[in-house]
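Biologist: Please take a close look at the helix packing in this model, and at the residues that accompany it. I should like the geometry and the local surroundings set out together.

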Amino acid sequence: MVIAVTDPLYSHMFVTTDSRFAEDLCRVELLDPLSTARARELAEIHHDHSLDECRVLRAAVERLKTETSTTANAEDLIHRSIISASSPSVVEVPFLYCRIDPGPISAALGRMLAHIHRHCEEDTCRAKQRGRQATKLDGALTPVPDCRVPRDQIAAVVARVTAARATLQAAEVALRAGERDATTAMIAASIEFVAARRARDVMVRQALPADGTVPVWIITLFGLSLHELRRLVPGLRISAAPPDGHDQ
């Protein structure tokens, strides 16, 4: 459900807490009460957004703060959200993820990956496998998985998401300016953006190899951020620890 309110002093769009809009949009208000469980979900989805710019994250964090029995997981989400808001320039790198497959790499990069992932089990860490293969002159290379989705279809769905995002941004500006028919345009743009993202997400999952790895070319072709990738691939998490250890 989506409700848009156009007023010179208050131009906001309201969405229900259980909707996909609450997951895909940031500058919206939540229409109904937010449960603790849903607050955790939304805080995880939006955790690396700015608290000043993401109203959904702000609402989720405030809901979690009101819990007298805040779990360790919720406390971690709140902490990470605050850190992300205060340090927007921090950039994550794919090399820290075990399941991201960089493909064949140079010996120099291989030594770096082997060092970063030195505490990983090699059988379950594609990054470490690639690092070892790059530094062994006679080592057999793990083949790069083929693309399971036609590339012209990928290009089309990515173009749809890009166009939908631009339309949504223009609709947000028009809504705040109180332009005529801005409410209708905002609702239509939001629906199309969510639909475009959903179509892209389905195609990303179709393109992923059956072995559980994520080839770098998938991230590049689909234009995915690491935040989006974590949302699409359960269990893909970056380590909070220094390079002496990380999740597998």
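Modeller: The account below begins with the whole chain and then goes through the helix pairs in turn.

This is a predicted model, in which local features need pLDDT of at least 70 and side-chain atom pairs count only at pLDDT 80 or more, while totals for chains, interfaces and linings use all residues. Numbering runs from 1 along each chain as its sequence is written, and side-chain values use heavy atoms, with hydrogens and water left out.

The protein has ten helices and five strands; these are DSSP runs numbered from the N terminus, helices being H or I of at least four residues and strands E of at least two. Of its 248 residues, 42% count as buried, that is, under 20% relative accessible area, against over 50% for exposed and partly exposed in between (1.4 Å probe, protein chains only). Among contacts in the protein with a separation of 6 or more, 59% join residues 24 or more positions apart, where contact means heavy atoms within 4.5 Å.

The pair α7 and α8 comes first. Their axes lie 8 Å apart and pack at about 155 degrees, α8 covering residues 182–207. The axes are lines fitted to C-alpha atoms, for helices over the stretch in contact, and the angles run from 0 to 180 degrees between N-to-C directions. The two helices are therefore roughly antiparallel to each other, since angles over 145 degrees fall in that class, those under 35 being roughly parallel, 65 to 115 roughly perpendicular and the rest oblique. α7 passes α8 in a left-handed crossing, meaning that the near helix is turned anticlockwise from the far one by less than a right angle; clockwise would be right-handed. The residues of this contact divide into 17 nonpolar, four polar and six charged. Here Ala, Val, Leu, Ile, Met, Phe, Trp, Tyr, Cys and Pro count as nonpolar, Asp, Glu, Lys and Arg as charged, and the others, Gly among them, as polar.

Three residues add detail around this pair. R151 belongs to α7, which spans residues 151–176, and counts as partly exposed because its relative accessibility is 49%. Its C-alpha atom lies 9.9 Å from that of F222, although 71 residues separate the two along the chain. In the loop between α7 and α8 sits D181, which is exposed, with a relative accessible area of 56%. D181 has a positive phi of about 65 degrees although it is not a glycine. Most residues other than glycine have a negative phi. D24, in helix α1 (residues 21–24), is buried at 7% relative accessible area. Beyond residues up to four places away in sequence, D24 touches F193, V194 and R197. The side chains of D24 and R197 also make a polar contact at 3.0 Å. Such a contact is a pair of N or O atoms within 3.5 Å; within protein, one must be able to donate a hydrogen and the other to accept it, and residues adjacent in sequence count only if both atoms are side-chain atoms.

Next come α2 (residues 36–45) and α3 (residues 55–65), whose axes come within 8 Å and cross at roughly 135 degrees. That angle makes α2 oblique to α3, and the crossing is left-handed. From α2 the contact draws on T36, A39, R40, L42 and A43, and from α3 on V56, L57, A60, R63 and L64. By class, these residues comprise seven nonpolar, one polar and two charged. The loop between α2 and α3 holds L51, which is buried at 18% relative accessible area. L51 and C26 stand 25 residues apart in sequence, with 9.9 Å between their C-alpha atoms.

The remaining pair is α5 (residues 107–116) and α6, which pack at about 135 degrees with axes 7 Å apart. α5 is thus oblique to α6, which it passes in a left-handed crossing. In this contact, A107, G110, R111, L113 and A114 of α5 meet A127, G131, A134 and T135 of α6; five of the residues are nonpolar, three polar and one charged.

R126 is found in α6, which covers residues 126–135, and is buried at 10% relative accessible area. Its side chain makes a polar contact of 2.8 Å with the side chain of Q129. Apart from neighbours within four places in sequence, R126 is in contact with C98, D101, T142, D211 and T213.
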